[in-house]
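Grab a pencil and work through these exercises at your own pace. Each one gives you a task, then walks through a solution step by step.

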Amino acid sequence: MEFQSCFDIIGPVMVGPSSSHTAGAASIGRFTYELLGRCKPEKARITLYDSFAQTYQGHGTDKALLGGLLGMGPEDTRIKDALAIASDENIDYSFLLEKDQCPYYDHPNTTIIVAEAGYRHVKVGGVSLGGGLSHIFLINDAETTIRLSTDDDFRSICNRLPLYMLTNDKREV
């Protein structure tokens with residue numbers, strides 16, 4: 001595994017309690033926000049697998065993922081209020097808990113986010129690796145390998161994605 005900074009190992013400046021269950025989750029959510037063109041989703045269906053499903057409220061994974069979908073980074077202190085902010089902004093969101101492993105990727109900290117904002121619909125599969133690292137393995141049913149590091153510019157990463165990953169038919173959210 002290649003690290004770009006010491007924060008990839010020890011975790012970023014973040015709202016806790018866990019680098020893998022909150023910081024990594026916030027990064028996956030924020031990557032999805034960037035794919036939506038920096039638009040807050042109107043709808044989001046978030047499936048949590050394995051360890052994410054078992055500890056999501058206790059470790060703040062739900063708040064971190066939703067905070068990321070609202071454009072918050074792991075250091076944003078508003079993450080603790082992300083559920084209330086999403087409700088205030090009439091975002092239709094839900095969490096589905098799967099105690100088994102994800103059918104797309106074998107790791108305990110895995111999520112699949114299906115979200116829409118206006119005409120944009122995205123499906124993102126991500127895994128939090130701990131420290132400041134996350135991995136995106138699925139975009140709109142296309143397998144991919146995108147490592148997210150603490151210092152990465154998610155917008156730039158999204159702008160370099162091949163067009164076939166960004167075009168998709170409307171998916172049920």
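Two strands count as paired if DSSP finds at least two bridges between them. Keep in mind that this is a predicted model.

**Exercise 1. Find the partners of strand E1 and say which way each one runs.**

Step 1: Start with E1 itself, which covers residues 43–49.

Step 2: Look at strand E2, residues 92–98. E1 pairs with E2 over seven bridges, in the parallel sense. For an example, take lysine 43: its bridge partner in E2 is aspartate 92.

Step 3: Now turn to strand E3, residues 110–117. Seven bridges link E3 to E1 as well, but here the strands run antiparallel. Arginine 45 shows this pairing, with valine 114 as its bridge partner in E3.

Step 4: Check the cover. Five of the seven residues of E1 are buried, so the strand is mostly covered, where buried means under 20% relative accessible area.

**Exercise 2. Sketch the order of helices and strands along the chain.**

Step 1: Count the pieces. The chain has seven helices and six strands.

Step 2: Put them in sequence order, and you get α-α-β-α-α-α-β-β-β-β-β-α-α.

Step 3: Add the overall numbers. Of the chain's 173 residues, 53% count as buried. About 8100 Å² is exposed, with carbon and sulfur atoms supplying 47% of that. Among contacts with a separation of 6 or more, 67% are between residues 24 or more positions apart.

**Exercise 3. Describe the largest pocket and its lining.**

Step 1: Begin with the volume, which is about 280 Å³.

Step 2: List who sits closest to the centre. From the 14 lining residues, these are Glu34, Leu35, Gly37, Arg120 and Leu166.

Step 3: Ask where the lining comes from. Helix H2 (19–35), strand E4 (120–130) and helix H6 (154–159) each give at least two residues.

Step 4: Sort the lining by class: five residues are nonpolar, five polar and four charged.

**Exercise 4. Is glutamine 57 buried or exposed?**

Step 1: Locate glutamine 57 in the loop between helix H3 (50–55) and helix H4 (61–69).

Step 2: Compare with the cut-off. Exposed means over 50% relative accessible area. Glutamine 57 has 54% relative accessibility, so this residue counts as exposed.

Step 3: Try a distance. Histidine 21 is 36 residues away from glutamine 57 in sequence, and their C-alpha atoms are 9.8 Å apart in space.

Step 4: Contrast the loop residue with H4, where eight of nine residues are buried. Among them are Thr61, Asp62, Ala64 and Leu65.

**Exercise 5. Look at the phi angles of aspartate 50, asparagine 140 and glycine 71.**

Step 1: Recall the background. Most residues other than glycine have a negative phi.

Step 2: Check aspartate 50, in helix H3. Its phi is positive, about 50°, although aspartate 50 is not a glycine. With a relative accessible area of 23%, aspartate 50 is partly exposed.

Step 3: Check asparagine 140, in the loop between strand E5 (133–139) and strand E6 (142–148). Here too phi is positive, near 50°, in a residue other than glycine. Asparagine 140 is buried, because its relative accessible area is 8%.

Step 4: Finish with glycine 71, which follows H4 and has a positive phi near 95°.

Technical notes: Residues are numbered from 1 along each chain as its sequence is written. This is a predicted model: local features need pLDDT of at least 70, side-chain atom pairs count only at pLDDT 80 or more; totals for chains, interfaces and linings use all residues. Side-chain values use heavy atoms; hydrogens and water are left out. Buried means under 20% relative accessible area, exposed over 50%, partly exposed in between (1.4 Å probe, protein chains only). Helices (H or I, at least four residues) and strands (E, at least two) are DSSP runs, numbered from the N terminus. On a 1 Å grid over the protein atoms alone, a cavity is a set of points where a 1.4 Å probe fits but cannot get out, and a pocket is an open set with protein on both sides within 12 Å along at least five of seven lines; lining residues have an atom within 4 Å of a point. Grid points are joined across faces, edges and corners, and a volume is the space filled by probe spheres set on the points. Ala, Val, Leu, Ile, Met, Phe, Trp, Tyr, Cys and Pro count as nonpolar, Asp, Glu, Lys and Arg as charged, and the others, Gly among them, as polar. Contact means heavy atoms within 4.5 Å. Accessible areas come from the Shrake-Rupley method with a 1.4 Å probe; for residues, only the protein chains shown count as cover.
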